[in-house]
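Open your viewer and get ready to make a few selections. We will start where two chains meet and finish at the ligands.

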Amino acid sequence: MKIKRRDFLKASVAAGAAVAANGPTLNAFAMGQKGGAIGETAGDWKPSSCQGCTTWCPVEIFVQNGRAVKVRGNQYSKQNDGFVCSKGHISLQQLYDPDRVKVPMKRTNLKKGRGIDPKFVPISWDEALNTIADRMMELRKTGDPEKFLLMRGRYTYMRDTLYSALPKVFGSPNSISHSSICAEADKFGSYFTEGLWDYRDYDLSHSKYVVLWGMDPISSNRMIPASIKRFGDVLDNATVVAVDPRLSTAAAKAHEWLPVLPGTDGALASAIAHVILKEGLWHKEFVGDFKDGKNRFRTGKTVAASTFAEKETNGVVAWWNIELKNKTPGWAAKITGVPSKKITAVARGLGKAAPHAIVWLGPGAAMHVRGGYTAMAIHALNGLLGSIDNKGGVMPSAKVPVKKIPKYSKYQDELAKKHSKKQKIDQRGYLTFPALKKGKSGGGVVTNNVAQAILDKDPNEIKVAIGYMNNFVFSSTGTGRWEKALEKIPFFAHLTTNASEMTQYADIVLPCAITKYEKLGFLKTKANGYATCTLVQPVVKPLWDVKMDETEIPWLLAEKLKERGFSNLYDYYKNEFKDPETGKKPANGREFTEYSLKIMTAPLWDGKKDVGGDTIKGWEEFKKRGMWNSSHYKYKKRWGGKFGKDSVDKKTGKTKTKGTKTHKFEFYSETLKEALGKHAKKHKTTVNGVLKACNYTARDERAFVPHYEPPYRRGSKKRYPFVFIDYKSKLSREGRSQNTPWFQEFKHVDPGDQGWQDLLKINPKDAKRLKIKDGDTVKVTSTVASIVVTAKLWEGIRPGTVSKAYGQGHWAYGRVAAENYDAAVPRGGNNNTIMPADYERLSGSTARNGGFTGVRIQKV
Amino acid sequence: MNRYAMVIDLQKCTSCGACAIACKTENNTPNRSKGQTFNWADYIHEAKGRFPNMEFRTIPVLCNHCSDAPCVEVCPVTPKAMFKTKDGITMHNDERCIGCRRCQRACPYSAQDVDKDKAAYSVISFNDASSEPHGFYRDTKELIKGCTASGKEIAKKAGSLPPDHNRYSHQDYESVRRKGIVEKCIFCEHRVKKGDQPYCVASCPAKARVFGDVNDKKSDVSRLIKKYRPLSLKNNKGAFLKDQEKGTRPHVYYVRSFKARPSKA
Ligand code: SF4
Ligand code: SF4
Ligand code: SF4
Ligand code: SF4
């Protein structure tokens, strides 16, 4: 073999190393053999935040010579202990995505539709903003500013300057968030039991029993790195049970996997509660006890409420009498497919571990047509176990004492005041959409119904729409309706990083700074008992002429509206957002961004008040650290009747309650009773009438307790024999990472999946019957549409059920995400295309779980 | 003398994917192409049993830094391009490599072409001699003309190829390898020599990966190997070496079980 000369020269140095390894070296560079330096080229770890999922990690990004090259968790963080998940790393390929929109674009093909080339051409920022401002001003001229719609997607807490202020000052009620397309029904469960309209924090480190219900904390949900870090030890210290119709990674690792029949989770929860009460396993310190200490909870027997003295809870006896007394494990086994022995074992295990037990309610169990009561039933178990606010249990977030944006009401003119109070476009508060956020009829958003409302022009027509960092045509179920609705809107501007599916319908496209790397803002997050405020910061200079969606663009738009004679928004931004340190008014969008961020976060760094947690001396230090950790949440903080608080409204003299009506943890929900009652009254009907309109089967008293509701299914078993299950990929950055090769390459870290594929998991028994082999192309058809994907024979799914991860099926977005961008050919199929638009109406949530979609599978 | 090794605690591993992607960000490995994965760290998955007793596990994989390394044995160059460092690392010298791919054929954990061989992974990948690496960032196609970028434009504007190129120096290997040579995990020696952990170890949120010196009885790797019954892989199909089997004397050890429940499959 011939060897090159330069190799020969190096030969002598190939063996021994000059510098001993292991142990930090003090010199900046270890000397290499050829006399060169060994090691990383100098750079800085710069703090920012990740928004790949709703964990919202404080992170640091390694920047070499102005380029972002690596990611890790913020070393100060108690929320992720300094680590990011896989998605945290993937984001680098989003920053350097070849398909980033680099300039504002204008549509030149007026015909809109899926697969129709918009024929975008580049334009200047000026032209783009002028066009939007002109279209908006027309609505003010004709006196109907409510025909303006602003749709929000992934946001930072800078959102209020755009999302809240802009439509309200302009005169439209229509700021529509994305919130209810993936998880609001979950909050319904905790609100109508413990008065908390929020996601909970879970004290994994100290728990003795953990039930993961309809979610996998190491793959998705809201504390991923924290869960990954602890999971191995939790398996040693606690019993872990995964309730999930499909084998998730958590289910694969757990002590017990309970593949419940989709949508029947409520029966399982009721039976567990039944056993806990019957066997006297509830946590007496929290729930109380029979006055004479004798357990009267016996199967089938009604109990007299007067015999029980409750402590921190309300209505345990009522719950037993109304719902639980006949809900035996034997009863539940038939419904859920989970053997009764296992149900009893879980109930006993939980009871024994109480109060250091976690029942972790996830969207899989809640986000379906009848999931509101399921969410309550599952979460109520934490009440029985006394794990609420307890060590090793379930807690709310500690407080992040930031401020709101300055008031804008004085900048609203008559037209704005009047029209911004009109009915919102999503039809929230209609009889069939109670959307009872925090107990208020129409209090929450019904995101996915906007498409229908636009098509029906009810409550009104939408003429001008802006969407930012959202992709409802892809991310909402019943995508076909969104395609039609967007075709209909006469003018739509999309603020985005990529030419996504939704962008294909835009008249004007504004290229946005990407969060984590190019934006300035802040987030509030939590995990491990600590609340966190973390800054999103521009760590690199954008390569393109992009702007920040939530602050810079509204500022520029405000300038344009001012040029057209409507200066209110500009005046508000200019006068109210002064630098809290210097009092200087913002001169441009960048200053406006920084000052509003300073105004909102000031309590954390201005040293005026002791807010607990990390001490941060000044704004510069805050930016340098990038984050603030709170003190640990105080266990049992709300015990002693503090699950609700009354206050008297000075104007009306009426008593208002924040949290639960009874100030207790409610098994019998007086809070829900009042909310449903008010909604019924508004529509001149009864609570039963409301429940009927919302597809619930419960009537009368059952409406006020957590209970089992039989699953609701779209498509008959005969025509659509399979039940379809949607799940979250470990690598999906909310449906935005599919254009990165790393997402595609490592898709196989989701059990049963393969790289670069979109696999429908089907049990081999079913596959055999249908003569489907591994890797066959199959058509999946629901009552609304079909997708064509690849079959994967998989024992991790129950016969009769098929499952597929959300994320693939992009027909736009970019060269990797789509099979063929030019021809609008998707890579795989979008789950949201086959899932019909339906709702958990009490919370306004989009139904996407619980197996509500019947499908049929055909080999093609 | 050091003898570096890695222990992977499967109970702690959640198959999250962070280590393999972190390795790509550290070592600037290209995207998969032409049957080469360029994943210096990767995973192999194993499913067995019937519903509902189905069992599933993931095993993170990388170069085993074998003591009897056939990849080194067969390397025809003198001195060898693939060689053992005195610390036990199977090192690759980019300059001396002639791209004969004998190492790739000899390594029991590698495949010449993962697609053709239907292999789950390959420790060694080959940079095709006919095209420059990182074709993704050389492509000039703009999806929307004049409006969206191209791979080439991004790389140019960022000033590096790939744009997220983590630059480092080492006497044997470049931070991006040239065409016509092989590449694989080198235990991040450019970091280890500076007293840092290999990047996959530093990035594992579960702390499932432990790196250190097995000759040091007090090191964490030694402690784990002593405490648990360590296993090593036999090939890239997920088979483990039996008790007496030495194989190529791999130095990546697996301890504990991925799943907590007893086997029913
Ligand atoms: S994707 Fe989520 S969990 Fe992962 S690093 Fe980002 S915010 Fe954290
Ligand atoms: S980073 Fe750690 S937990 Fe994640 S896959 Fe790798 S070894 Fe497993
Ligand atoms: S795993 Fe393969 S490449 Fe690595 S040392 Fe062993 S034989 Fe060589
Ligand atoms: S040791 Fe370094 S090169 Fe090897 S797999 Fe880990 S990160 Fe990659």
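Buried area is the accessible area, taken with a 1.4 Å probe, that two parts lose on being put together, summed over both. The model on your screen is predicted, and in it chain B and chain A bury about 8,200 Å² between them. Carbon and sulfur atoms account for 59% of that area.

**Stop 1: the interface.** Select chain B and chain A and show the residues in contact: you should find 94 residues of chain B against 101 residues of chain A. Next, switch on polar contacts; between the two chains there are 35 residue pairs, both partners at pLDDT 80 or more. Which elements of chain B should you colour on the side that touches chain A? Those giving two or more residues are α1 (18-27), β2 (42-48), α4 (151-158), β7 (168-169), α5 (189-192) and α6 (199-203) of chain B. Pick α1(B) to begin with, since you will see that this helix gives the most, with seven residues. Now colour this side of chain B by class: 39 residues are nonpolar, 26 polar and 29 charged.

**Stop 2: a salt bridge.** Eight salt bridges cross the interface of chain B and chain A. For one of these, zoom in on B:D139 and A:R815, where the closest N and O atoms are 3.4 Å apart.

**Stop 3: strands across the chains.** Go to β7(B) and add strand β2 of chain A, residues 37-40. The two strands pair in the antiparallel sense over two bridges. Centre on A:G39 and look across to B:S169 in β7(B), which stands opposite.

**Stop 4: ligand 1.** What surrounds ligand 1? Select A:C50, A:G52, A:C53, A:T55, A:W56, A:C57, A:V84, A:C85, A:K87, A:G88, A:I224 and A:P225. Helices α2 (86-95) and α6 (224-237) of chain A each give two or more residues to this shell. By class, the shell around ligand 1 divides into eight nonpolar, three polar and one charged.

**Stop 5: ligand 2.** Move over to chain B and pick B:C13, B:T14, B:C16, B:C19 and B:C204, the closest of the 13 residues that surround ligand 2. The shell around ligand 2 has nine nonpolar residues, three polar and one charged.

**Stop 6: ligand 3.** Finish with B:C63, B:C66, B:C71, B:T90 and B:C107, which come nearest among the 14 residues around ligand 3. Coloured by class, the shell around ligand 3 shows ten nonpolar, three polar and one charged.

Terms used. Residues numbered from 1 in each chain as written. Chains lettered and ligands numbered in written order. Predicted model: local features only at pLDDT ≥ 70, side-chain atom pairs only at ≥ 80, totals over all residues. Heavy atoms only, no water. Contact = heavy atoms within 4.5 Å. Salt bridge = Lys/Arg side-chain N within 4 Å of Asp/Glu carboxyl O. Polar contact = N/O pair within 3.5 Å; in protein donor to acceptor, adjacent residues only side chain to side chain. Helix = DSSP H or I, 4+ residues; strand = E, 2+ residues; numbered from the N terminus. Nonpolar A, V, L, I, M, F, W, Y, C, P; charged D, E, K, R; others polar. Pairing = 2+ DSSP bridges. Near = heavy atom within 4 Å.
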